[in-house]
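Grab a pencil and work through these short exercises. Try each task yourself before you read its solution.

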Amino acid sequence: MNQIHQPNEAILAEANSLRWELGENLHDSVIESIYQDAAKIADQVVTKTGEKLKFNWERTLDNLLTSRLTGFPIMLLLLTAVFWITIAGANVPSKMLAVLLIDNFHPVLKSLAAGIGMPWWLDGLLIDGTYLAGAWVVSVMLPPMAIFFPLFTLLEDFGYLPRVVFNLDNLFKKAGAHGKQALTMSMGYGCNAAGIIATRIIDSPRERLIAIITNNFALCNGRWPTQILIATLFIGVLAPTGLASLVSASAVVSIAVLGIFLTFVTSWFLSRTMLKGEASSFSLELPPYRPPRILRTLYTSLIDRTIIVLWRAVVFAVPAGAVIWLLSNIQVADVSLAEHIMSFMDPFGILIGLNGVILLAYIVAIPANEIVIPTILMLTVLGAKQLSGFGAGDGVMFELNDMDAYMSVLKAGGWTLLTAVNLMLFSLLHNPCSTTLYTIYKETGSKKWTAVSALLPVVMGLALCFIVAQVWRLVAG
């Protein structure tokens, strides 16, 4: 007991001695300091009658970013800028990775396999199938994710994203969803799996499910290349040469805006049927603007998001490559399984403005949207026997560098402008990739909601393509 009392007595003695050193005006000094601080704050935030409003850059920026007149245009401009930087910036590193992994390393692996006498079927299955699928995913996914996620996190650090939530809160509330869904939807533009994980910020289980199910309507980076390529090949060429890029970009943005519109419509539908309930209210404090922390942002974006999402995509894409190669090389009655399936699905595909090649490509490319175009090209060459000089063999996915070569292959496969338009629509409205489906199951723990998330966009996509095809044929004859 004495050991406890002795330190206390020492502290009290020290405090007593310091008290006398501070002088008699301590109380007055503290009060004066408080009043000085209050006067400074009042001087910054209070405007007296007849006095000109003082300039405050944070207030001015807030007025611009959250205004009904300027908030949405600025939001669209910033989003477009992020997409443009991502797409334009990813082109060069994507090509470099493709050259390294596909043009250089793939032949080296083939030579090694031949050197050790590996059977042709094992060589094809492992190198042409599984390796190429993983290489395509890495070369197409890694650069855009490494650019998009840091940019997005920088906006978040700066304090802009809470302003986006503020702007969209009312619209999501009218749709029966949560305002924070604006953030998760935005994350989905980089990767739907990351968008699904981001829904953890929504507390209400009902509203979180709505955000999870509708996140697929945000075009992920795996679907942007498909949208841009098809718009450039079939829609941009309809305009004069000087306007071709603008028309192509407008077509892609239209698809993205359609996805946002369908997010609201589907959220409204779900909140009044399977997920009935009132939209919950939440208090949103707009944080002060602050300079982004570059190094921390890069670490968080690259390690916590990019690498994890990329690894999941590769894990799911590798077996898909094996399936694609097997379908193209196992023959029944001298015809490959892939050709049998394409012939079987062709009538239904043509009915909805697509074809059997596209439908089979989307089925076998479930693991990753990035391999849809290489798979379509490979299957088209497989089915169109008159094509020669394209690709490295049955089951070997490939891409082309020349727009004329793309048109030659696709037109040989019977593609028209209707096929291109409906492919862009189906690219927006089809099942999530297997990485996203796995993430949905992990987050919800429910097979039922995972199935709903997978089937709802497919049904919507098939119905929309069917309607567009029938109206198109009715009008165009």
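Which glycine takes a positive phi just after H18? Keep in mind that this is a predicted model.

**Exercise 1. Find that glycine, then look back along the helix before it.**

Step 1: Go to helix H18, which covers residues 434–444. Just past H18 sits glycine 445, and its phi is positive, at about 65 degrees.

Step 2: Now list the buried residues of H18. They are Ser434, Thr435, Thr436, Leu437, Thr439, Ile440 and Glu443.

Step 3: To read such a list, recall that an α-helix has 3.6 residues a turn, so residues three or four places apart point the same way.

**Exercise 2. Decide whether threonine 419 is buried or exposed, and name its contacts.**

Step 1: Place the residue: threonine 419 belongs to helix H17, residues 417–428.

Step 2: Check its relative accessible area, which is 5%. Buried means under 20%, so threonine 419 counts as buried.

Step 3: Skip the neighbours within four places in sequence. What's left in contact with threonine 419 is Gly353, Leu354, Asn355, Ile358 and Gly414.

**Exercise 3. Work out how H13 sits against H15 and against H19.**

Step 1: Take H13 (residues 337–351) and H15 (residues 372–383). Their axes come within 10 Å and cross at roughly 90 degrees. Angles of 65 to 115 degrees count as roughly perpendicular, so that's what H13 and H15 are to each other.

Step 2: Pick out who touches whom. H13 brings Ala338, Glu339 and Met342, while H15 brings Leu379, Leu382 and Gly383. Sorted by class, this contact has four nonpolar residues, one polar and one charged.

Step 3: Turn to H19, residues 447–476. The axes of H13 and H19 are 8 Å apart, and the packing angle is about 65 degrees. That makes this pair roughly perpendicular too.

Step 4: Here H13 uses Phe348, Ile350 and Leu351, and H19 answers with Leu462, Phe466, Ala469, Gln470 and Arg473. The class tally for the contact of H13 with H19 is six nonpolar, one polar and one charged.

**Exercise 4. Describe the second largest cavity and its lining.**

Step 1: Start with the count: there are three cavities of 30 Å³ or more in the structure. The second largest holds about 40 Å³ of space.

Step 2: Walk around its lining, made up of Tyr362, Ala365, Ile366, Ala368, Asn369, Val372, His430, Asn431 and Cys433.

Step 3: Sort that lining by class, and you get six nonpolar residues, three polar and no charged ones.

Key: Residues are numbered from 1 along each chain as its sequence is written. This is a predicted model: local features need pLDDT of at least 70, side-chain atom pairs count only at pLDDT 80 or more; totals for chains, interfaces and linings use all residues. Side-chain values use heavy atoms; hydrogens and water are left out. On a 1 Å grid over the protein atoms alone, a cavity is a set of points where a 1.4 Å probe fits but cannot get out, and a pocket is an open set with protein on both sides within 12 Å along at least five of seven lines; lining residues have an atom within 4 Å of a point. Grid points are joined across faces, edges and corners, and a volume is the space filled by probe spheres set on the points. Ala, Val, Leu, Ile, Met, Phe, Trp, Tyr, Cys and Pro count as nonpolar, Asp, Glu, Lys and Arg as charged, and the others, Gly among them, as polar. Axes are lines fitted to C-alpha atoms, for helices over the stretch in contact, and angles run from 0 to 180 degrees between N-to-C directions. Helices (H or I, at least four residues) and strands (E, at least two) are DSSP runs, numbered from the N terminus. Angles under 35 degrees count as roughly parallel, over 145 as roughly antiparallel, 65 to 115 as roughly perpendicular and the rest as oblique. Contact means heavy atoms within 4.5 Å. Buried means under 20% relative accessible area, exposed over 50%, partly exposed in between (1.4 Å probe, protein chains only).
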